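Subject: The structure we talked about

Hello,

Here is the structure I promised to pass on. Please have it open while you read, and my notes follow underneath.

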Amino acid sequence: MSYPTFFNPEESYSRSEIEALQLDRLQATVKHCMHSPFYRERFRQAGLTPADIRTLDDLRKIPFTTKQDLRDTYPFGIASVPLDKCVRLHSSSGTTGNPTVILHSQKDLDEWANAVARCLWMVGCRPEDVFQNTSGYGMFTGGLGFQYGAEKVGMLTVPAAAGNTLRQLKFFTDFGTTVVHAIPSYAARLYEVMCEKGIDPRRDTRLRTLVIGAEPHSEDTRKRIEEMLGVKAYNSFGMSEMCGPGVAFECPEQNGMHIWEDYYIVEIVNPDTLEPVPDGEVGELVLTTLKREAMPLLRYRTRDLTRILPGECPCGRHHIRLDRMKGRSDDMIILKGVNIFPIQIETILMQFQELASDYLITLETVDGNDAMTVDVEMKDLSLDDYGKLQSLTREITRQLRDEILITPKVRLVPKNSLPKSEGKAVRVVDTRKKY
């Protein structure tokens, strides 16, 4: 059976069509936001009215919205509709202070399902596929977001949820799973257990497509996962404030994530000056929702660091492409005056075939000075092979020093000796004394 190339007509719009649609939806969104006490007051303080937004460039007149704003107005202070029009909420864990709460109307949920379905369709998912979701189905948006998107495509869905790896593998083989959604660290764990149980993913399963996201990861990590599982792994970006998954997604070209500009307006700003940066330069991603009913957000500072990739994509889509996330501006490590992102360390580690996928960065105070230790699991190398261990440790240390400009202590540890998590992997532990 033949299927159309594009899931939605907007997917194939030209740049001029995209921008015309964006302006129309931006103006409608701004007017709708005036139902929110928060945005009414923001506009009053800025001396703005909806009539002042005449062009897409006028978006810059609007003040930024931040995560702190969501916490300060907890739980429902930014809503633009009455609660009786909302059918669901999602929230962050709220481990420090109030969680961030996002409300959804039924229309919001329908649009969210359409956006996720568009992403899955783009990478070849079709009704004859079997989709297995290894994400949690609670407040975390990756579970229900992908569930409804996969159902919209028409796939048979397996809501396996997080953890219970042996059951996940049984479902792979029994149900003929072809598409899996998993975070990168858990995808590596699935392969480890396959090896322990004598399961060959190429011979014993029908897996062909993996959707990965939620954790920043390097290109080398993606390639390693593809080689291990015998799949094509596509990078996904989403966040609960923007609904969840479905914000941006790689196409089969795997050269950046198309962000759906009929749903969002993209800005990349310098996180210090908040001024826009040129295309191709890394900065903080700022997003404005265009089709949100219950809780639209204007110029939301995501804290995610990325860049707009210049040029056109060979796939034929004209929606701009974002580079993989470098990290978050608030996840940056400052050590001895040097700014370091964990993904820089991962990129170096994943180049060594002797190493497994798990690592842990520990920051501590030693004799009054900051110090970094990088523990990384070995793949097959024996602890008894002292000479090779020493040589490998020296080379890893050298390459890390060249990349991050400080010299960490590198420790090679046995496979499966670092703590495992069914959620996002813990990559950094900071025990430094705060003076």
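Let me begin with Arg 303, which is found in strand β12. Please keep in mind throughout that this is a predicted model. Arg 303 has a positive phi of about 75°, although it is not a glycine. Most residues other than glycine have a negative phi. As for its surroundings, Arg 303 counts as partly exposed because its relative accessibility is 30%, between the limits of 20% and 50%.

A similar note applies to Asn 416, which is not a glycine and has a positive phi of about 70°. Asn 416 is found in the loop between β20 (409–413) and β21 (428–430). With a relative accessible area of 35%, Asn 416 is partly exposed.

One more backbone detail concerns a proline. The peptide bond from Tyr 74 to Pro 75 is cis, with omega near 0°. Most peptide bonds are trans. You will find Pro 75 in the loop between α3 (67–72) and β1 (88–91).

Back to the strands. β12 covers residues 300–306 and pairs with β11 in the antiparallel sense, over four bridges. Within that pairing, Leu 287 stands opposite Tyr 300 in β12. β11 also pairs with strand β10 (residues 264–269): six bridges join the two, and they run antiparallel. There, Ile 268 stands opposite Leu 285 in β11. How many of the seven residues of β11 (residues 283–289) are buried? Seven of the seven are, so the strand is largely enclosed by the rest of the structure. In a regular strand the side chains alternate between the two faces of the sheet.

β10 turns up again in the second largest pocket, which has a volume of about 540 Å³. This pocket is lined by 22 residues, and those nearest its centre are Asp 57, Arg 60, Ile 265, Val 266 and Glu 267. β10 gives the largest share of the lining, five residues. Both α1 and β10 supply at least two lining residues each. By residue class, the lining of the second largest pocket divides into twelve nonpolar, one polar and nine charged.

There is also enclosed space to look at. The structure holds one cavity of 30 Å³ or more. The largest cavity has a volume of about 120 Å³. Of the 16 residues that line it, Met 242, Cys 243, Tyr 263, Tyr 264 and Arg 292 are the closest to its centre. Which helix provides the largest share of the lining of this cavity? That is helix α4 (residues 106–122), with four residues. The lining of the largest cavity is made up of nine nonpolar, three polar and four charged residues.

Helix α4 leads on to the aromatic residues. A search of the whole structure finds six aromatic pairs. In one of them, the rings of Tyr 3 and Trp 121 have their centres 5.5 Å apart and their planes at 90°, so the pair is edge-to-face. Tyr 3 lies in the segment before α1 (15–33) and Trp 121 in helix α4, so this pair ties together parts that are 118 residues apart in sequence. Are the two partners buried or exposed? Tyr 3 counts as partly exposed at 26% relative accessibility, whereas Trp 121 is buried, with a relative accessible area of 6%.

Another pair involves Phe 131 and Phe 146: their ring centres are 6.2 Å apart and their planes lie at 25°, so the pair is stacked. Phe 131 lies in strand β3 (residues 130–133) and Phe 146 in helix α5, so the parts tied together here are 15 residues apart in sequence. Both Phe 131 and Phe 146 are buried. Ring pairs also link Tyr 3, Phe 7 and Trp 121 into a cluster.

Last, a residue from helix α5 (residues 141–153), namely Gln 147. Gln 147 is buried, with a relative accessible area of 8%. Leaving aside its neighbours within four places in sequence, Gln 147 is in contact with Asn 133, Tyr 137, Thr 157 and Pro 159.

Happy to talk any of this through whenever it suits you.

Best wishes

Methods. Residues are numbered from 1 along each chain as its sequence is written. This is a predicted model: local features need pLDDT of at least 70, side-chain atom pairs count only at pLDDT 80 or more; totals for chains, interfaces and linings use all residues. Side-chain values use heavy atoms; hydrogens and water are left out. Buried means under 20% relative accessible area, exposed over 50%, partly exposed in between (1.4 Å probe, protein chains only). Two strands pair if DSSP finds at least two bridges between them. Contact means heavy atoms within 4.5 Å. On a 1 Å grid over the protein atoms alone, a cavity is a set of points where a 1.4 Å probe fits but cannot get out, and a pocket is an open set with protein on both sides within 12 Å along at least five of seven lines; lining residues have an atom within 4 Å of a point. Grid points are joined across faces, edges and corners, and a volume is the space filled by probe spheres set on the points. Ala, Val, Leu, Ile, Met, Phe, Trp, Tyr, Cys and Pro count as nonpolar, Asp, Glu, Lys and Arg as charged, and the others, Gly among them, as polar. Rings of Phe, Tyr and Trp (its six-membered ring) pair if their centres lie within 6.5 Å; planes under 30 degrees apart count as stacked, over 60 as edge-to-face and the rest as tilted.
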